[in-house]
Amino acid sequence: MLWALVASFAMVAGSPGPGVATPATPARVHPSKLTSQPTPTKASAARVSSSEDTAAERELLELANRDRREAGVPPLRADESLTAAARAHAQLMVANAQLEHQFSGEPSLLRRIAQVSALRLDRAGENIAHDSCAAGAEEAFMHSPPHRRNLLDRGFNVAGFAAIRSQGRLYVVQDFGHEVSTHTVAQTRELVSHAVNDVRRDAGLTALSPYAPAKLDDAVCSLAQQGRPSARLLQTAYDNRRIITYTQSRPEILPPGAVNLLHDREVRQFAVGSCYARNAAYPTGMYWVAILLY
């Protein structure tokens, strides 16, 4: 039997049937729409006779990358923390003898990944199944459009696969993620600065001179802690009404509303503050950026 979902925070239900694939309606959920949920108890999992099949986990990765290679898609990199997240969920499936993407009281996919992983991810997806072997599970995934989309999604570049045997079944969880580039504060400032002056150059305007007000990065981190990328929260501290604030997994991508402000011929200087932070809205983190114009 096989159930699937393209991304987290949605569940499917159906009746069991060996060899039958029952795909869910694909759903993509932005991290900002996630809500906090209590951590599930795993005491029941300890009472179930089960064992991790590391050989099957390696086979699942090899089969996935074989299928991606044949489709002309870059391979997935295995990550231990994603494997740990997948195994924890697989143990819950074993404990409940049921296939679900999210059990009652269990965090959503990105949140449970964030509990065990330091990876910087801006999206994730999951396939689940039980079968007699890894090859059977992979074949079923590839014959189900939602699961196949996850496996061949070129936007995913990292994964963790779990395979746990229990009562003659192999429970499989495939957790996929898109790991974003890691930048220091200085590197982020440079990326954003280049983007700002690219906009100015394309508009035939002179480049802006950089300015470094005190504690701007700290102020941006405060916005992240509050979960509010609001320019108004910076106006009082920096006495400036021309402020651009945004969140992005790629900080060099400026928001559309920034263009009009950057086209202002009276602007001469600019400052960039940044912070990479995790919060309730972005459990695996996001770049928070503020641009002050003078």
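The paragraphs below lead through a predicted model, beginning with one strand and its neighbours and ending with a pair of helices.

A good place to start is strand β11, which spans residues 286-293. Eight of its eight residues are buried, so the strand is largely enclosed by the rest of the structure. In a regular strand the side chains alternate between the two faces of the sheet. In β11, Met 286, Trp 288, Ala 290 and Leu 292 point one way, while Tyr 287, Val 289, Ile 291 and Leu 293 point the other way, and all of them are buried.

Two strands pair with β11. Strand β9, residues 243-248, runs antiparallel to β11 and is joined to it by six bridges, and within this pairing Thr 247 has Trp 288 as its bridge partner. Strand β10, residues 269-277, is likewise antiparallel to β11, with eight bridges joining the two, and here Ala 271 stands opposite Leu 292.

Leu 292 also offers a link to helix α9, residues 232-238, where Gln 235 is found. The C-alpha atoms of Gln 235 and Leu 292 are separated by 9.5 Å, although the two residues lie 57 residues apart along the chain. Gln 235 is partly exposed, with a relative accessible area of 23%, whereas Leu 292 is buried.

Elsewhere in the chain, helix α3 (residues 80-96) packs with helix α4 (residues 109-116) at an angle of about 120 degrees, their axes being 9 Å apart. The two helices are therefore oblique to each other, and their crossing is right-handed. Ser 81, Leu 82, Ala 85 and His 89 of α3 meet Arg 112, Ile 113 and Val 116 of α4, and the residues of this contact divide into four nonpolar, two polar and one charged.

Key. Residues numbered from 1 in each chain as written. Predicted model: local features only at pLDDT ≥ 70, side-chain atom pairs only at ≥ 80, totals over all residues. Heavy atoms only, no water. Buried < 20%, exposed > 50% of the residue type's maximum accessible area, 1.4 Å probe, protein only. Helix = DSSP H or I, 4+ residues; strand = E, 2+ residues; numbered from the N terminus. Pairing = 2+ DSSP bridges. Axes fitted to C-alpha atoms, helices over the stretch in contact; angles between N-to-C directions. Parallel < 35°, antiparallel > 145°, perpendicular 65-115°, else oblique. Left-handed = near helix turned anticlockwise from the far one by under 90°. Contact = heavy atoms within 4.5 Å. Nonpolar A, V, L, I, M, F, W, Y, C, P; charged D, E, K, R; others polar.
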